[in-house]
Amino acid sequence: SSHLLMYIFYREVPHDIQILLFKEAKKINPSAQGLVMARVPIYNNSDFLKWRMMLSISGIRGELVIFGNHSHGSESDFQEWRELAHIYLSNFESQYIPQPIKTNELKNNKMLETKLYDEQIYIIDKFLKNNKRILLKISKQALVFNKLNYNQIYPHFKNIKTIKKMQKEK
């Protein structure tokens, strides 16, 4: 549900968006317990990459907000974040060295990556805490049906409280 809420910051909620849980998710990915599926065009601009990074780790942060812990599946979400962060920093942060060799270059890259991660989790955590009620409502609905489509999801979006720190993806 946390991944789903992040789509409020995409240009327009994709009409093919859906949440799949358990057996429904395993049809797509045998190791998944839950998935949010939506087709969105891929852009290599700063806003899109920031949105994708936050989308990838929003599930981890949602689990922490709701349960105080995160699941095994979150490891792949964090790995996706790291790959996207590397692309983002390589293209949009002049101090980042895409192929570091020296120890100080590695330290510098790690500092920039950590700073980006800290900024993003601050935004995500604030957003999810402000929308905890909706997050729980969607989660409960998904648990009942194991699959939600656009028509079931979209009505929740009009109640989501956005935050100024997060720009809408353009």
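Which residues of the largest nonpolar core touch the most other members? I took this question first, working from a predicted model.

**Entry 1: the core.** I found 45 residues in the largest nonpolar core, and those that touch the most other members are Leu-5, Met-6, Ile-19, Trp-51, Phe-127, Phe-157 and Met-166. I then looked up which elements give two or more residues to this core: they are helix H1 (2–5), strand S1 (18–21), H3, helix H4 (74–92), helix H5 (103–130), helix H6 (132–145) and helix H7 (150–157). H3 gives the most, with nine residues.

**Entry 2: helix H3.** I turned next to H3, which runs over residues 46–67. At 1.5 Å a residue, its 22 residues should span 32 Å; I noted that the end C-alpha atoms are 32 Å apart, so the two values agree. I also recorded a bend of about 40 degrees at Ser-58 in H3. At the start of the helix, a side-chain oxygen of Asn-45 comes to within 3.3 Å of the backbone nitrogen of Asp-47. Just after H3, I found Gly-68 with a positive phi of about 75 degrees.

**Entry 3: Phe-157.** I returned to one of the core residues named above, Phe-157, which lies in helix H7. Is Phe-157 buried or exposed? Its relative accessible area is 4%, and buried means under 20%, so I entered Phe-157 as buried. Leaving aside neighbours within four places in sequence, I listed its contacts as Leu-4, Tyr-7, Ile-8 and Val-13. Finally, I looked up its separation from Gly-62, which is 95 residues away along the chain: the C-alpha atoms of the two residues are 17 Å apart.

Technical notes. Residues numbered from 1 in each chain as written. Predicted model: local features only at pLDDT ≥ 70, side-chain atom pairs only at ≥ 80, totals over all residues. Heavy atoms only, no water. Helix = DSSP H or I, 4+ residues; strand = E, 2+ residues; numbered from the N terminus. Expected span 1.5 Å × (residues − 1). Bend = angle between axes of the 7 residues up to and from the residue. Polar contact = N/O pair within 3.5 Å; in protein donor to acceptor, adjacent residues only side chain to side chain. Core = buried A, V, L, I, M, F, W, Y, C linked by side-chain atoms within 4.5 Å. Buried < 20%, exposed > 50% of the residue type's maximum accessible area, 1.4 Å probe, protein only. Contact = heavy atoms within 4.5 Å.
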